[in-house]
Amino acid sequence: MPGLNPASVRTLVGLPMFNEEETVASVVVRCLEHVNDVLCVDDGSSDASSRLAARAGAIVHHHRANRGYGAAIRTIFRIAREMDVDHLVILDSDGQHEPEDLPAVLAELDMDGVDVVIGSRFMQESKRDSMPLYRRLGISMINTASNLTSDLGVKDTQSGFRAFNRRALNLLAFENEGMESTLEVLDQCVEKGLKVNEVPITVRYDVPKSSTYSAFGHGLTVLTYALVSLSHKKPLLVFGLPGMGLLISGTTIGLGMLNTVEEITGGGISLSVGPGLTGAWLAMLGIAMSFTGLVLHGARSLMRRIVLQRVRSF
């Protein structure tokens, strides 16, 4: 945040926490070497996570039941606003993220015009030793779908190491309580006009419990959200292009059927009915999808114009 004396900047680290008794105390102690306060949101843990975090010096807030990663992040945002902090940094409490990366992340956040900083595992200087191949492929798919939606070009949309300045903290508002909130925050950054930068970080996968969520469940939830969001924001891409592809395929199959007319023998003509029906169905589906894409694109454009007119009228 330009213009602030670093000594006067109040920085809060927020840690979503669910059964992390093996690692959370160490993470809290290491974070307090770099920031003013650490807030742990216990999302319904059944172990000693809260007690150990408090002993290590963290402020602890409890959820009565396990509500999900996004719910913990929402609580962290709410408490950070109540505490009136200048910077909020969120990282994992399972030991995957290195608190020693905090100075680099906060230095980037202090750059002029930067509102949000993401600690990336996929920049050239990043250290992501032993990242499983299936995880890397899954994240790449999610990154592609998300960047088609937001046009941010973020290399690591699933990073849990993120920093926000006061402007971002006050503008961002999200609703999802699951892992899909990681993408919802990026969507909000685009809608609110927030500038997002990335810095390389170190991520460890040799920690006792590297993820509370199954990789498949996490990936499926987030990818579904990304595809639904993409269909809302770019319906021509999601519906129009596949529709045109199906229409062309159906037409090609239909023409191929006509070309397979058997030789006329004895005045009789035999047509291949199966491919003809397949071609017809594909062509009809393609027309329907193309029409859907055009309608949704028109509706989205109309809604944007209405919203802009109302905003300008105030």
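1. Angles under 35 degrees count as roughly parallel. In this predicted model, the axes of helix α1 (residues 24-31) and helix α2 (residues 49-56) cross at roughly 25°. The two helices are therefore roughly parallel to each other. Their axes come within 8 Å. The crossing of α1 and α2 is right-handed.

2. Next, the residues behind that crossing. From α1, the contact takes Val-24, Ala-25, Val-28 and Val-29. From α2, it takes Ser-49, Leu-52, Ala-53 and Ala-56. By class, the contact of α1 with α2 has 7 nonpolar residues and 1 polar. No charged residue takes part.

3. Which residues of α1 are buried? They are Val-24, Val-27, Val-28, Arg-30 and Cys-31. Note that an arginine, Arg-30, is on that list. Val-24 and Val-28 are buried and also belong to the contact with α2.

4. The cover over the buried residues of α1 includes two strands, β1 (11-17) and β2 (37-43). It also includes two helices, α2 and α4 (102-109). Helix α2 thus has two entries in this note: it crosses α1, and it helps cover the buried residues of α1.

5. On cysteines: a search of the whole structure finds 0 disulfides. Cys-40 is in none, and its nearest cysteine sulfur is that of Cys-31, 8.4 Å away. A disulfide needs the two sulfur atoms within 2.5 Å, so the Cys-40 and Cys-31 pair does not qualify.

6. Are Cys-40 and Cys-189 buried or exposed? Cys-40 has a relative accessible area of 0% and is buried. Cys-189 stands at 1% relative accessibility and is buried too. Both values fall under the 20% cut-off, which is why both residues count as buried. Cys-31, in α1, is also buried.

7. Arg-78 lies in helix α3 (residues 69-83). Its relative accessibility is 37%. Buried means under 20% and exposed over 50%, so Arg-78 counts as partly exposed. Arg-78 and Ala-173 are 95 residues apart in sequence. In space, their C-alpha atoms are 9.8 Å apart.

8. Finally, the chain as a whole. It has 314 residues, and 45% of them count as buried. The secondary structure comes to 10 helices and 7 strands. Take the contacts between residues at least 6 apart in sequence: 77% of these join residues at least 24 apart.

Technical notes: Residues are numbered from 1 along each chain as its sequence is written. This is a predicted model: local features need pLDDT of at least 70, side-chain atom pairs count only at pLDDT 80 or more; totals for chains, interfaces and linings use all residues. Side-chain values use heavy atoms; hydrogens and water are left out. Helices (H or I, at least four residues) and strands (E, at least two) are DSSP runs, numbered from the N terminus. Buried means under 20% relative accessible area, exposed over 50%, partly exposed in between (1.4 Å probe, protein chains only). Axes are lines fitted to C-alpha atoms, for helices over the stretch in contact, and angles run from 0 to 180 degrees between N-to-C directions. Angles under 35 degrees count as roughly parallel, over 145 as roughly antiparallel, 65 to 115 as roughly perpendicular and the rest as oblique. A crossing is left-handed if the near helix is turned anticlockwise from the far one by less than a right angle, and right-handed if clockwise. Contact means heavy atoms within 4.5 Å. Ala, Val, Leu, Ile, Met, Phe, Trp, Tyr, Cys and Pro count as nonpolar, Asp, Glu, Lys and Arg as charged, and the others, Gly among them, as polar.
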